[in-house]
Amino acid sequence: MSENRAIQKMNITKFQQDLVNWYEAEKRDLPWRHERDPYKIWVSEIMLQQTRVDTVIPYFNRFMEQFPTIDALAGADEEDVMKAWEGLGYYSRVRNLQSAVKEVAESYGGIVPEKKEDFLSLKGVGPYTGGAVLSIAYGLPEPAVDGNVMRVISRLLTIWDDIAKPSTRKIFERAVEELMYKENPSSFNQALMELGAIICTPTSPSCLLCPVQNHCQAFEEGVQRELPVKTKKKSDKKVHMGAVVLTTNDGRILIEKRPESGLLANLWQFPNMELPAGTNPRRILESFIETEYGVKAKVNTEKATEITHVFSHLTWNIDVYTGIIEGEVEKKRSKFVKEEEVESFAFSVSHQKIWKYVKGLG
DNA sequence: AACTCGGGGGG
DNA sequence: CCCCCAGAGTT
């Protein structure tokens, strides 16, 4: 094993000291670093999944004001929780989090379980989040391997395995276990991530400023820019969508709630559908409304605007229309709301864009 | 192992 | 334009 050879020639104690001393001196002042409450550490780690620190900070602060304890989140209205997560993406994270927090309240006496097997059994808690919370909140020597850590360790030990493959994470977990600073696992894990975020960055690492340059095999060989190895995923799909903002004659707006599973689950939106190629958008939207809601609608001839929204795995091109609906028949997952009420519901960003545009027309 | 699931910031 | 970010669940 090449990584073992690289570890063998390392002075692990010196590496730990150089890394943790740098971290303690240079670490960023982040809201969750003021907290010891395992619940708050946990929330921060869920928010930080696939999401940058700068994006998370305002969401974390608002979330902690609104749901400061496990009991507060466990007892909260799901609509309020979704609204607090609006715009942060990967919405299953917050539904799983609330579900897991309820489980902690009911089965663990409101105490975040310290036993690895118990904590990892909770919804939304995977290998990374499990290790992160157990090490940061409870000081346990568990690896917390995220994208930063794989990049840092791949360079430190010149590991050439493809980090895009799920099975590769275990290689890095074993390496981190060998390198673990058992006197302070919290600082050690956070230091690896901090180094990846600040110094050991993806395209142009600042090796000349790196506190562990002397320990880095990639720097010694001059191959730091070739690591980590990561195969790129295939290109995404493009979907042509039509959406319509329908107003009743007394000025109320039709909104609907998305299905409980799948893309943007449980978020609110304006009526919309995929437009098959070569169809007339307003005709198809009118018949869609009539079959879906049992009420006739008149969709304006002119397209109001077009909106492009890029997801990680597909792109929506949305033709946006406005129109009039002749009646208010509410179904299970739809509502007619006043204009000033629209923004109190949690919408996907694409439909926030739609509303912002249409509101500006009036 | 491959696919799904959001959104935004930086080079 | 591209990449990728304090990843997890499902199939």
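These legends walk through close-up views of a predicted model of chain A with DNA strands B and C.

Because the model is predicted, local features need pLDDT of at least 70 and side-chain atom pairs count only at pLDDT 80 or more, while totals for chains, interfaces and linings use all residues. Residues are numbered from 1 along each chain as its sequence is written, chains are lettered from A in the order in which they are written, and side-chain values use heavy atoms, with hydrogens and water left out.

**View 1. The protein surface around DNA strand B.** Here 19 residues surround the strand, with T51, Y90, Y91, K234 and L264 the closest; a residue counts as near if one of its heavy atoms lies within 4 Å of the strand. By class, that surface has 7 nonpolar, 10 polar and 2 charged residues (Ala, Val, Leu, Ile, Met, Phe, Trp, Tyr, Cys and Pro are nonpolar; Asp, Glu, Lys and Arg are charged; the others, Gly among them, are polar). Looking from the DNA side, 57% of the strand B atoms within 4 Å of the protein belong to sugar or phosphate, and the rest to bases.

**View 2. Polar contacts to DNA strand B.** A polar contact is a pair of N or O atoms within 3.5 Å; within protein, one must be able to donate a hydrogen and the other to accept it, and residues adjacent in sequence count only if both atoms are side-chain atoms. T51 goes for a base: one of its polar side-chain atoms sits 2.9 Å from a base nitrogen of DNA strand B. Y91 puts a side-chain N or O atom 2.8 Å from a phosphate oxygen. V349 uses its backbone instead, with an N or O atom 3.3 Å from a phosphate oxygen of the strand.

**View 3. DNA strand C and its neighbours.** Strand C has 26 residues around it, and Q50, G124, Y128, D146 and N148 come nearest. Of the strand C atoms that come within 4 Å of the protein, sugar and phosphate make up 62%. The residue classes are 9 nonpolar, 8 polar and 9 charged. E45 places a polar side-chain atom 3.4 Å from a base nitrogen, N148 has a side-chain N or O atom 2.6 Å from a sugar or linking oxygen, and the side chain of R151 brings an N or O atom to 2.8 Å from a phosphate oxygen.

**View 4. Helix α10, from start to finish.** Helices are DSSP runs (H or I, at least four residues) numbered from the N terminus, and strands are E runs of at least two. Both α9 (127-138) and α10 (147-156) supply at least two residues of the surface near DNA strand C. At the start of α10, a side-chain oxygen of D146 comes within 3.2 Å of the backbone nitrogen of N148. In α10, 9 of 10 residues are buried (under 20% relative accessible area; exposed is over 50%, partly exposed in between, with a 1.4 Å probe and protein chains only). N148 and R151 are among the buried ones. Just past the helix, T158 has a positive phi of about 45°.

**View 5. Where domain 1 meets domain 2.** Chain A splits into domain 1 (2-226) and domain 2 (237-361), with bounds from an automatic or database domain assignment. Their centres, taken over C-alpha atoms, are 38 Å apart. In contact (heavy atoms within 4.5 Å) are 9 residues of domain 1 and 15 of domain 2.
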